[in-house]
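The following exercises are to be worked with the sequence and the coordinates at hand. Each task is followed by a solution in steps.

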Amino acid sequence: MMLLKKHIELEAILFILVGAAVGYMMLVYSQHAKVQTLAVNNYPTFPVIGTAPTTIPPTPLPTPTATPTPTPALIAKSYIPSVSNTSQISSDGTKTVSLRTIQNNNGTSTYDITSSDNTTFMFSKTLPSNESISIPYNTWSPDNNYFFIQENTGTGTDVMVFNDNGNPFANGAQYLDLSSDFSKDAPNAIFDQASGWAADNLIVILTKNADGSEGTSYWYGVPDESVTPLATKF
Amino acid sequence: MAKKIKQRKKSAYRNTNSVGRYLQFYFLALFAGFIVYTVGGLFIQSPIPCANSGTCSSDLTMNIDNSATGTFNGHTVTPPKINLADMNNTTNVLGASTSAGEKHIYVDLSTQRLYAMQGDTAVMETFISSGKWDPTPVGNFHIWEKLVATRMAGGSGDDAYDLPNVPWVMYFYQDFGLHGAYWHNNFGHTMSHGCVNMRIVDAHAIYDWADVGTAVSVCNSFSPPDNCVQNNPISD
C-alpha cells in the first residue's frame with residue numbers, strides 16, 4: 001500500500017513537472033512569435049527606387065551670407081570694404097560661433113570671431129589674401145564648452161581651440177594651439193585635418209601618409225593638450 | 001467464493017480510484033502549465049530584435065532617464081535632460097510652405113550626407129555619421145517607428161556603448177535608425193554602430209518632417225537629383 005502511494009506521488013510530481021515544462025515552452029514560443037510579428041508588421045516592404053529620373057535642386061550646406069555695408073554719401077568714391085558673415089551652431093542649436101570677414105583695401109582680410117550669438121568677442125586676425133580663417137562644421141564640442149577654428153596658412157592648417165565663455169585656459173593662453181602641440185608630440189605624422197569631436201573633450205585628428213593614403217588617427221585632449229595615437233582610424 | 005467476489009470488487013474499486021487519481025493529476029498538470037505560462041509571461045520579456053551588434057540591446061520603446069549617465073568610446077557622457085513638454089513643440093517643419101509630393105530620405109554613405117526630398121525638392125541636406133564599428137545596411141526601407149527618445153546600448157570592450165536619452169529616433173530597418181547624437185560631434189565621418197547619427201537640431205527637424213512610412217534609402221553613393229547606387233542591398 002505504501003509503495004503504491006509513493007508511486008502515485010511520484011507520478012503526480014512528474015505530471016506537474018511535465019505540465020510546467022509544456023507551459024514554459026509555450027511561453028517561450030509565444031514570446032518568439034511576438035518578435036516575428038513585430039518584425040513582419042513593422043518593417044513594411046518598399047519598392048525599389050524608381051528608374052524615372054527626377055529633378056532635385058541641390059540644397060547647399062550653410063554658405064556665407066554677404067552683408068553689404070551701407071555707403072555713406074560723403075565717402076561714395078572711397079573703398080567700400082565688403083563684409084561677409086558665416087556662423088555655425090552647436091549640435092543642439094543653443095550656441096553659435098560667428099565669423100565676420102572684412103575685405104580690406106590693401107588686399108588683406110580681417111577675421112573677427114565671436115561666440116554665443118555675437119556677445120563674446122573671441123579673436124581677431126588680419127591675414128594676407130592667400131590665407132584665411134574658417135569655422136568647421138563640427139566646431140562645437142558635444143557639451144558646448146569649447147569650439148575650434150581653422151586658419152589656412154597657405155602652407156598648412158593651424159587649429160585653435162577656444163573656451164566658449166572666452167576665458168583663457170589654465171596656462172593663461174586665450175586659445176590652445178592644436179597644430180603646434182600636435183607637431184611637437186607627433187613630429188613624424190603629417191597633419192591632415194581636425195575633423196570634429198569624438199567626445200566632450202577630444203578632438204579627432206586625421207593624418208595622412210607620405211603617399212597620400214589615410215594615416216593614423218589621434219585624439220587631442222582639451223584642455224590638457226594631450227595627443228593620443230589611436231588603433232582605430234577615424 | 002464470497003471472498004473472491006469481495007476481492008474483485010475491491011480490485012475494481014481500486015482501478016476506478018486510480019483512474020480518478022490519474023485524471024486529478026492530469027488536471028493538476030494542466031493547471032501547473034497554465035500557471036507557469038501566465039505568471040512566467042510577467043517576468044519573461046520578448047527578446048528585442050537587434051541587428052547592429054552581436055551584443056546590442058536597443059530599446060524599441062520610448063525611454064527617458066534624466067538621471068543616468070552614458071558611455072561611449074570608453075568615456076562617460078552626460079545625456080541631455082529631456083522634458084517631454086518641450087519635446088512636443090515642433091520646429092519649423094521643413095518644406096512646409098514650398099514643397100509637395102512624396103517624402104523620401106536618402107543617405108549617402110560615400111559622402112556621409114543625408115538628403116530629405118519632398119517631391120523634386122531637397123528640403124534638407126546635412127552631414128551624418130553612419131556605421132563605423134558595424135555597417136549601416138544598404139537598401140530601401142520605410143520608417144516603422146518614431147520615438148522622441150530612447151536608450152541604446154551594445155558593443156563590447158572598448159567599443160561598448162550605453163546611451164540614455166538618444167533623441168529623435170526613427171527606426172527604418174529593424175533597430176537601425178536615424179537619430180540625434182549628443183556624445184560626439186564628428187559628422188561627415190563614420191562614428192556609429194550602424195545607425196545614422198545627426199546633429200540634434202537636424203534630427204529634430206527631420207523627425208518633425210518625416211512620418212511613419214516615409215521611405216528611407218541608404219545608398220553607397222547618391223548624386224542628386226536621382227541616382228542612388230546600392231551594392232548588394234538587403235531586402236526589407
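**Exercise 1.** In this predicted model, determine in which sense strand 10 and strand 11 of chain A pair, and over how many bridges.

*Solution.* Step 1: strand 11 of chain A covers residues 202-208, and its pairing with strand 10 of chain A is antiparallel, over 7 bridges. Step 2: to fix the register, take A:W197, whose bridge partner in strand 11 of chain A is A:I203. Step 3: place the pair in its sheet, an open one of 4 strands in chain A with the order 10-11-12-13 and antiparallel pairing. Step 4: strand 10 (190-199) and strand 13 (227-229) of chain A each have a single partner strand and stand at the edges, so one side of each has no neighbour in the sheet. Step 5: on average, neighbouring strands of this sheet are turned by 30 degrees against each other, direction ignored.

**Exercise 2.** Identify the residues that touch the most other members of the largest nonpolar core, and list the contacts of A:L178.

*Solution.* Step 1: the core has 84 residues, of which A:L178, A:I203 and B:F172 touch the most other members. Step 2: strand 8 (residues 161-173) of chain B supplies the largest share of this core, 9 residues. Step 3: leaving aside residues up to four places away in sequence, A:L178 touches A:F148, A:V159, A:M160, A:V161, A:A194, A:I203 and A:Y220. Step 4: one of these contacts, A:I203, is the residue that pairs with A:W197 in Exercise 1.

**Exercise 3.** Trace the register from strand 2 through strand 3 of chain A to strand 4 of chain A.

*Solution.* Step 1: strand 2 (residues 83-89) and strand 3 (residues 96-103) of chain A run antiparallel and are joined by 7 bridges. Step 2: opposite A:S84 in strand 3 of chain A stands A:T101, while A:I89 faces A:T96. Step 3: the hairpin of these two strands has 6 residues between them, and A:G93 takes a positive phi near 80 degrees there. Step 4: strand 3 of chain A also pairs with strand 4 (residues 109-115) of chain A, in the antiparallel sense and over 7 bridges. Step 5: A:T101 stands opposite A:Y111 in strand 4 of chain A. Step 6: in this second hairpin 5 residues lie between the strands, and A:G107 has a positive phi near 95 degrees.

**Exercise 4.** Give the strand order of the open sheet of 5 strands in chain B, and state which strands stand at its edges.

*Solution.* Step 1: the order is 5-4-3-11-6, with mixed pairing. Step 2: strand 5 (121-127) and strand 6 (139-142) of chain B stand at the edges; each has a single partner strand, so one side of each is left without a neighbour in the sheet. Step 3: the average turn between neighbouring strands of this sheet is 20 degrees, direction ignored. Step 4: strand 6 of chain B pairs with strand 11 (residues 215-219) of chain B in the antiparallel sense over 4 bridges, and B:N140 has B:S217 as its bridge partner. Step 5: helix 3 (residues 200-209) of chain B packs on the sheet, where it touches strand 4 (113-118) and strand 5 of chain B. The direction of helix 3 makes about 150 degrees with that of strand 5 of chain B.

**Exercise 5.** Locate B:R21 and classify it as buried, partly exposed or exposed.

*Solution.* Step 1: B:R21 belongs to helix 1 (residues 2-43) of chain B. Step 2: 13 other C-beta atoms lie within 10 Å, so B:R21 counts as partly exposed. Step 3: its C-alpha atom is separated by 61 Å from that of B:N140, 119 residues apart along the chain.

**Exercise 6.** Which stretches of chain A have pLDDT under 50?

*Solution.* Step 1: the mean pLDDT of chain A is 80, and 74% of its residues reach 70 or more. Step 2: values stay under 50 over residues 32-60, for which the model has 45 contacts beyond four places in sequence. Step 3: they also stay under 50 over residues 70-75, with 2 such contacts. Step 4: where pLDDT is low, predicted coordinates should not be read in detail.

How values were computed: Residues are numbered from 1 along each chain as its sequence is written. Chains are lettered from A and ligands numbered from 1 in the order in which they are written. This is a predicted model: local features need pLDDT of at least 70, side-chain atom pairs count only at pLDDT 80 or more; totals for chains, interfaces and linings use all residues. Two strands pair if DSSP finds at least two bridges between them. pLDDT is the predictor's confidence in each residue, from 0 to 100. Two residues are in contact if their C-beta atoms, placed from the backbone, lie within 7 Å. Axes are lines fitted to C-alpha atoms, for helices over the stretch in contact, and angles run from 0 to 180 degrees between N-to-C directions. A residue is buried if 20 or more other C-beta atoms lie within 10 Å of its own, exposed if 12 or fewer, and partly exposed in between; C-beta atoms are placed from the backbone. A nonpolar core is a set of buried Ala, Val, Leu, Ile, Met, Phe, Trp, Tyr and Cys residues joined through C-beta atoms within 7 Å.
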